[in-house]
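Please open the model in your viewer and keep the sequence panel beside it, since this tour moves from whole chains to a single element.

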Amino acid sequence: MEVSKLPISATQRGKLISAGYTSLSSICSASSSDISRGTQTAWDMLQEEQESLARITTSCADLDNILGGGIGCREVTEIGGVPGIGKTQLGIQLAVNVQIPVEFGGLGGKAIYIDTEGSFMVERALQIAEACVEDMLEYNRFLRNDCQVKTQPKDILENIFYFRICSYTEQSAVINYLDKFVSEHKDVKVVIIDSIAFHFRHGFVDLALRTRVLSGIALKLMNLAKKFSLAVVLLNQVTTKYTEGSFQLCLALGDSWSHCCTNRLILYWNSNERHAYIDKSPYLRSASASYSVTSRGIRNSTSRSKRIKMMI
Amino acid sequence: MANKLISEMRLPKSIANIFAARNITTAKDALSLTELELMKLLDVELSEVRSALALMSEIVCPPYQTALLLMEQRAATEHLGGHLPTRLKGLDAALCGGVPFGVVTELVGPPGTGKTQFCLKLSLLAALPAHYGGLDGGVIYIDVESTFSSRRMIEMGASSFPEIFHSKGMAQEMAGRILVLQPTSLSEFTESLEKIKVSLLQNQVKLLVIDSMEALVPGGHEQRAPGQHPLSWHISLITSLAEFSRIPIVVTNQVRPQSHDESCLYPFQVQKMDRILKDRTRYYSHIVAVLGFHWAHAVTIRLVLEAKSGQRFMNVEKSPTSPPLAFSFTINPSGISLLTDDGTEMVVPETCNLSSR
C-alpha cells in the first residue's frame with residue numbers, strides 16, 4: 001500500500017515520503033531508531049548539557065541568579081517588555097559580555113546582532129564596551145591576577161556582527177543564512193534578534209501563514225542553538241489583550257508564538273524599579289529580580305529594599 | 001531586497017524553472033512559505049528545497065557590518081558622527097552630540113509647553129550652513145495644526161545668529177530651505193509622505209519634523225480597541241525613511257489623561273497584586289501617550305516637556321545613551337535655553353505627574 005494513501009496528516013506523509021518510505025512494507029521493515037533519526041536518550045542529553053554549562057552573564061548579579069548564572073547556550077531565550085524598559089540595553093550588554101575572555105569567566109565568543117527596528121546605537125555599545133574593559137581591569141587589580149587584559153573597547157565592537165533587516169523576508173533570509181555564517185565564524189556564541197516581532201506585526205494579512213512562518217523560524221533558531229552550542233536571544237514587544245474583563249499586557253505575536261521559545265523573561269516596571277520575571281522555563285524557577293540600567297550598562301539595582309521574590 | 005527576482009539569482013536551472021512554473025517569482029514569495037509547503041507545491045525533495053532556500057537567503061540577506069565599522073563610517077561621513085546639535089549643552093551631552101540621525105525623536109507634552117518652539121529652532125539649526133553648526137540642507141516641516149510661525153522662526157534666527165541674519169539675502173535663503181506642508185486630512189498626509197520619500201532619496205532634505213502626530217488620528221483620543229492602528233503604515237514608513245536617508249526625524253505628540261480602567265499589567269502581576277498596589281503602578285499608562293505601544297516602540301528618544309509650578313522642564317525620558325534627566329528651561333527670543341547645563345537625574349514616576357499650564 002502506498003504511503004500517500006495512508007490516513008495520516010499531509011505533513012507526516014511528506015516526512016515519510018521525503019525520507020524515502022513510499023510503501024507500507026518499507027516502513028514495516030524499518031526499526032524505530034531508523035525512522036526516528038536524530039533522537040537521543042535523556043542520559044546522553046544530560047551529558048551534553050553538562051559539557052556546555054557556559055552561560056552569558058548579564059552583569060547584574062540578581063538577574064544572573066534567577067537565570068541560573070546567565071543566559072544559557074543551546075537554548076532560545078525570549079525577552080519581552082514595554083518600550084523603554086531596557087530590552088535593547090540588555091541585548092547590547094549580552095553582545096559585549098559574550099566576549100569576556102575565558103580567564104575572566106566568560107565565553108570569549110563573538111556576537112551576531114540582528115536589528116529589525118534600527119534601535120542599535122553604536123555610541124551606547126561603545127559606552128558598555130568601555131565599562132566592561134574597565135571592570136575587567138578592576139577585577140584583575142583586585143585579584144592581583146597575572147592574566148593581562150588585552151581587549152580594547154574597539155576590539156569588542158569589532159566582534160559584533162551587525163545585520164540590519166528591513167522586512168520579514170529579509171528576516172527569514174538572515175535566519176536561513178545564519179547556518180552558513182556561523183559555520184564560517186565558529187566563535188559566534190550569541191545571536192540576538194532585536195526585535196523578533198517588528199516585521200511580523202504589520203506586514204501580514206494572513207495570520208495563519210504568520211503562525212506557520214514563525215514556528216518555522218523558531219525551529220531553525222533552536223536547531224542553530226543546538227548545532228553550534230550558542231545562545232539565541234529574541235527581544236519581543238508588548239501589546240494589550242482583553243482578558244478577564246480588562247486589558248492586560250502580553251508579549252506580541254500571539255499565543256502560538258509563546259510556545260516556541262525555551263525560556264521567556266518579562267521585563268517590567270514595579271514601583272519605580274525595573275524588574276525581570278521568569279515567565280516560562282523548563283528548568284528555572286519562577287522568580288523575579290530587580291536590575292537597573294546605568295551609564296555603564298545593566299547592573300544591580302541600588303534600592304535598599306530589593307530582594308529576589310520567589311513565586312510558586 | 002525582498003522583491004528580488006528568483007530568475008536573477010543564478011540558482012541551478014532545474015530548480016529555478018520549477019519556481020517559475022509555480023509562479024513563485026520573488027524571494028518574498030518563496031520565503032513566505034514554510035519548507036514543507038514549498039516541498040509540496042514544487043513537488044521536489046526537502047533537501048533540494050533547503051539548498052535552494054539557503055542560496056536564496058544568502059543572496060537576499062543584507063551584508064553584515066561590524067559595530068566598529070559602523071561607528072567609524074559614521075564618524076567619518078556624518079556631521080558629528082550622526083547628530084544634529086541642539087545648542088543646549090546639557091541636552092547635547094546627554095544625547096551624545098545632539099538629535100541623532102536615522103531614528104525618531106519624540107517630543108511629548110501638554111499644549112503650551114514649548115514643543116513647537118523646539119521644532120522651529122531645530123528646523124532653523126538644520127538649515128544653517130555647516131560652519132555655523134548646521135546641516136546645510138533642506139527641512140520638511142509637516143504642520144498639522146497650523147502652528148508654524150515663520151515670523152517666530154526668523155525672530156529666533158535673528159536673535160541667536162545676528163551675524164548671519166543681518167544680511168537680508170541670508171534670512172530669505174534660510175527660510176527658503178524650510179518647506180512647510182499643511183495636510184488637512186490623513187489621506188493628504190499619506191500623499192505628502194510619499195512625495196517626501198522621493199526628495200529624501202535625492203538627498204537634499206536633512207530634517208523632517210511632524211507637528212503633531214496625534215492630530216492626524218481620526219477619532220481623537222478615545223481608547224482604541226486592539227487591532228490595526230490607523231497610523232501603523234505611516235509609523236513603519238517614517239521609521240524606515242529616517243533610517244535609509246540617515247536623517248533625524250522629530251515628531252511631537254500629546255499626552256492623554258489617565259483613564260481609570262487602564263490597568264496595564266501582565267497577567268502574573270494581576271494575580272499577585274491587591275487593589276492598592278494596582279493603582280500605584282498605573283503611572284505607566286501616560287508614557288504610552290496617545291498613539292499606543294506600536295508608536296512607543298518605534299520611537300528611540302522621548303523628550304517630555306512639562307510645566308510645574310511656573311517652571312518648565314524638559315525630561316529625557318527614553319534614551320539609549322542617557323539615564324532619565326530633567327533640564328529646566330525657558331523660552332526666550334532666541335528659542336529655548338537651559339537654565340543649567342547639568343540635568344537632574346529623575347526617578348521615573350516623577351515624569352508621570354504631568355500638569356498643563
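What follows is a short sequence of selections, with a note on each.

This is a predicted model, in which local features need pLDDT of at least 70 and side-chain atom pairs count only at pLDDT 80 or more, while totals for chains, interfaces and linings use all residues. Residues are numbered from 1 along each chain as its sequence is written, chains are lettered from A and ligands numbered from 1 in the order in which they are written, and side-chain values use heavy atoms, with hydrogens and water left out.

Select chain A, which has 12 helices and 14 strands (DSSP runs, H or I of at least four residues for helices and E of at least two for strands, numbered from the N terminus). Of its 312 residues, 54% are buried (under 20% relative accessible area, with a 1.4 Å probe and protein chains only).

Next select chain B, where there are 15 helices and 13 strands, and where buried residues make up 55% of the 357 residues. Among the contacts in chain B (heavy atoms within 4.5 Å) with a separation of 6 or more, 64% are between residues 24 or more positions apart.

Now select residues 150-160 of chain B, helix α8, and show the side chains of B:Arg152, B:Met153 and B:Met156 together with B:Gly157, which are buried. Looking down the axis of α8(B), you will find these buried residues within an arc of 140 degrees (taken from the directions from the helix axis to the C-beta atoms), so they line one face of the helix.

Finally, add the partners against which the buried residues of α8(B) pack, namely α7 (115-127), α9 (162-165), β6 (178-181), β11 (325-332) and β12 (335-338) of chain B.

Key: Buried means under 20% relative accessible area, exposed over 50%, partly exposed in between (1.4 Å probe, protein chains only).
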